[in-house]
Structures are given as C-alpha cells and as structure tokens.
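Welcome to a short set of exercises with worked solutions. Take a look at the chain below, then work through the tasks at your own pace.

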Amino acid sequence: MKKKLIIAMLLALSLFMVACSNKGDTKAEGKVLKVAVSEDAQTLEPNDLNDDYAENILIQVYDTLVKRNSKGELVNSIAESIETPDPQSFKIKIREGVKFSNGDPLTVEDVIFTLQRAAASEKFKSFYGKIDPNSYKKEDDLTFSFKLTEPDAAFLNSLSHPAVSILSKKYVESGADLANAPMGTGPFVLDEWVQNDHANFSVNENYWDDAPKISGIEMKVIPEASQRIIELESGGVDLAYKVDPSEIPNIEENKDLKLYRKLDNSVHFIGFNMDKAPFDKKEAREAMVNAIDMNSIFKTVYMNSGKLATSPINPNFKYSIADSLKPNVVNKERAKELFAAAGMGEGTNLSIYTSDNTQRVNVATMMQAQLKEYGIGLDVERLEWGAFIDALKNKEHNMFIMSWNPSVVDAHYELFQPFHSSNKGQGPNYMYFGNEELDNLIKEGISTIDEAKRADIYKRAQELINKEYPWLYICYGETVVAGNNRVEGLDLLPKYPQELKDVNLLEK
C-alpha cells in the first residue's frame, strides 16, 4: 500500500501564499536588522560546508526541500509533498510559482541538478550518493521521482541539510562563484560579504512566501562575547548570538533587553589528536578523562547552561543513551596510574587549540590549572576560526575544543562525521579517529529501517565510542541569544544558525 507523506500545507494555502507577493510592501523600508555573530564562514559553497557559520548565511539565501522548525518537526519548504511508496522510492512535488532571486523560475531540473551535484561532491556523497543516478524521472513540470540503491533510514532528514540548498542550474553552469556569491530562492539576497567582518543582505523581491518584515540584515563578526553584549546595550546591534552564560543575569535584569534560550542539539567536547603521541595511546586519553574536573568547569564556565554530556548522541536525538549514563567524575589516583602507563610524567607539555570563543578559552585555562597538579604543562593556543581549522588540519594540536551540531537531526549524522574513519581530518573528526567495528555499526544503522534494531545498533555504537575515549565530554549546549526590545518574532531554532525572515523591528 502506497504511503504518502505530506509535510507542509495544502496546495491551496501554498498558492495563496505565493499570490501574496511581497512587492509593494513598504512597511519594512529602513528596518535593517543588525546582528552580532561570533565567527564567520570560511566558504559559502554548499558542497564544502563544515561549520554552522556558513549555514548562518546560507539559511537566509537558500531554501531546501524540507526543513526543521523550532519544535524540531520536519516540515516542507520548497517541497509541497513527498510520497514514499517504499523505503527506497521518493516522489517529490515542488511548489508552483517559486523563483530565484534573479527572477528565473525554479524548475524540477534545478532540484535534480542540486541533488546530483551534492551526490557527486567529495564531502556529501555519503549523504546523497545512494540515489540511483539513472532513476531520476520528471513526471511533470513540478514533479519528479527517484530511487535509492539501498535503504537509507535518514534520507528524508538529509533533505534538510544546507548541502542540498536548492541551486539554479543555469547560474552554476554560467560559472558562478558559489563560494562567495550564493543565489537562491530564500527570503534574502547576499549583497556583500567581507570575510571575518560583515555580511549584508537585502530582501529577495521574488520570494515565494510572506515578505520579510525587515528591509535587510547586517551581520557583524564580533568574536568577543562581552563586546557583542556591549554592542547590544549601546544600540549598535539588535541581536547578539552566543551569549556567554556569565552575561545572562545582567541581561535578565536589563529592562531594555530580552533573552532567548533553548536547549539545543549540540555536543561540546575536547577532542584528542589520536594520530600522534601521547594521545595515540588509549591510556593517555583515559587519564585525561579521570584527571579533569569537568563538573567544576561546567559550573564555572557554562554556569550550568546546558547539561553535562555523557554520550556522543545528544539526548534530544532518538536512540541516545545519554540519560542512562552518569557524567565522568575525577579519580586522581587512577589518572596518575594511567598517565604513568602512557609515559606522561613530570615535565610533559601538551597543547590545546581553541577558537576565539570565550567559553572555550576559559575551559582550556581551567584545564591548564588542573593539569599542573599532575606535573603536566598545557599551552593554550587561541586562534581566529580560519587559522584554528588550518592548524587542526595540519595536526599541530594535541587537543582541541569544538562542538558538534549536525544539520541533519538523525543519530546517524551525530556519529558519522565525527567518528567514521572516512572523515579523518574533516570537521569535526580532527581526532583522526577511525574504528572498523564502529564503521560497520554506523553503516548498519543507516541501512536499518526497523526502529528497535536501530536503537540496539546505536546503543552499541555509543558504548564503543565511550570505551575508546576520542572525546572528553563537556556538555550538551544551549542556544542563547539576546535582543533589544525592538525585536519581535524570533522563533529560536535549537542551533547557532537562525532564520530571520519572520523577525520584525518595532519603531523606537
């Protein structure tokens, strides 16, 4: 019996929204939303993404077939409906009347081109390479179908990933530089991007959905968390991302400001470079887990914002065993035994690399103080994001601090990119971790449709990772954004990138 999955609204409502053109809407004139962001993208090429910072720009410019809303529900975006006659077959109908920002109509050919391009990319072929390239079939001007070569339990979720932001085939084939000049069907147009400084957007006059209530966005890159709040308080910006927990009480007491917070899907961690000494030895990694008092770090640095982490799969995800595990506790005697077994005696010196994120620098500084008790020195290398990533790719580090929040909300993607051996040296697998047994479990999990069997597979995978200690867990994060009282309509997503099309700025 054919199953039909209708993720969004009825066609009639879809056509009504298209008919409500944003042309002639003057209410938004002069309302430029100014946003302080913590770090910037390295590239805007959808098939080369490796961090949230690029998605923060692309989410304004592009649409995907489906997306996750603030409640974590999968809803339609460009897709009007998706039918799944069987687990390996998909029939997709796109919305009528959608145009790219240059005025060209969106076609089935554009969507197929986008999927083909992602499937052929080195970074995302594991996501979309299961599409049989010979199975694409154009049913009519708005409908196409295709088949997978094998079952993929996460495939529908993967259609929300920014790697398959819908591209214009004509634009790309004309030689467009997608790494710097994206062009999509989303609510905004990127007018200017000066890397590590700012990104300016204007409204897409051809946008298919309700018109934004603002006339544009100005994103300012301000690495220092305290400086972002100063800018907010002074009126230099309207929103500040990545609020430091230490600022929360002050913001809550300020009648001119408001706080948005939501437990997110991220996992914050310290990764060990397993490709060189001393962390090529399991004893060294396990010693660090026993030596570091993460509970005190969490209380001091994160001020209990979020939740201490126990598993690589965030508890917001299906199949996580996080809530059944207890956080690591300090065992100094065991740590000393393990340090000795790993050859890490008095005078050992290590390095930990971090970006300009204040919390991460504070975590590293507290670790530095704690390790002195064991006679171990720790050099804290604080770098701008691009230099930080370059250093990790060059394997300069012993340890690094990062977070992982997959754009596809599925247990497979919590594990695949950080831990599969094929991703060594790609974010966030700068541990250069690989384990054949785990690779097999990850493969088995994605190809298993049965819910109970998937649960067992991912339980075993999490237990295996916890025995190998590639990460020293910090916490599951919380998305915290501050705004002034002019801002309304921000529906916080459980991740760093935020959709801003529904935000409004009230008159002063």
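Domain bounds here come from an automatic or database domain assignment. Please keep in mind that this is a predicted model.

**Exercise 1.** Find the domains of the chain, and say how many Å separate the centres of domain 1 and domain 2.

*Solution.* Start with the assignment: domain 1 covers 42-181, domain 2 joins 189-263 with 479-505, and domain 3 spans 264-477. Next, take the centres over C-alpha atoms; those of domain 1 and domain 2 lie 27 Å apart.

**Exercise 2.** Describe the area buried between domain 1 and domain 2, and name the residues of domain 1 that lose the most.

*Solution.* The buried area comes to about 2100 Å². Carbon and sulfur atoms give 58% of that area. On the side of domain 1, the greatest losses to domain 2 fall on Asn56, Gln60 and Ser70, which together make up 27% of what that side buries. As for contacts, 27 residues of domain 1 meet 26 residues of domain 2.

**Exercise 3.** Look for salt bridges and polar contacts between the two domains, then see which elements of domain 1 take part.

*Solution.* First, the salt bridges: the rule finds 2 across this interface. Separately, Lys67 pairs with Glu499 in a salt bridge, with 3.3 Å between the closest N and O atoms; the cut-off is 4 Å. Then, 10 residue pairs are in polar contact between domain 1 and domain 2. Helix H2 (52-61) and strand E3 (66-68) each supply at least two residues of the touching side of domain 1. H2 gives the most, with 8 residues. Finally, that side divides into 9 nonpolar, 11 polar and 7 charged residues.

How values were computed. Residues are numbered from 1 along each chain as its sequence is written. This is a predicted model: local features need pLDDT of at least 70, side-chain atom pairs count only at pLDDT 80 or more; totals for chains, interfaces and linings use all residues. Side-chain values use heavy atoms; hydrogens and water are left out. Contact means heavy atoms within 4.5 Å. Buried area is the accessible area (1.4 Å probe) that two parts lose on being put together, summed over both. A salt bridge is a side-chain nitrogen of Lys or Arg within 4 Å of a carboxyl oxygen of Asp or Glu. A polar contact is a pair of N or O atoms within 3.5 Å; within protein, one must be able to donate a hydrogen and the other to accept it, and residues adjacent in sequence count only if both atoms are side-chain atoms. Helices (H or I, at least four residues) and strands (E, at least two) are DSSP runs, numbered from the N terminus. Ala, Val, Leu, Ile, Met, Phe, Trp, Tyr, Cys and Pro count as nonpolar, Asp, Glu, Lys and Arg as charged, and the others, Gly among them, as polar.
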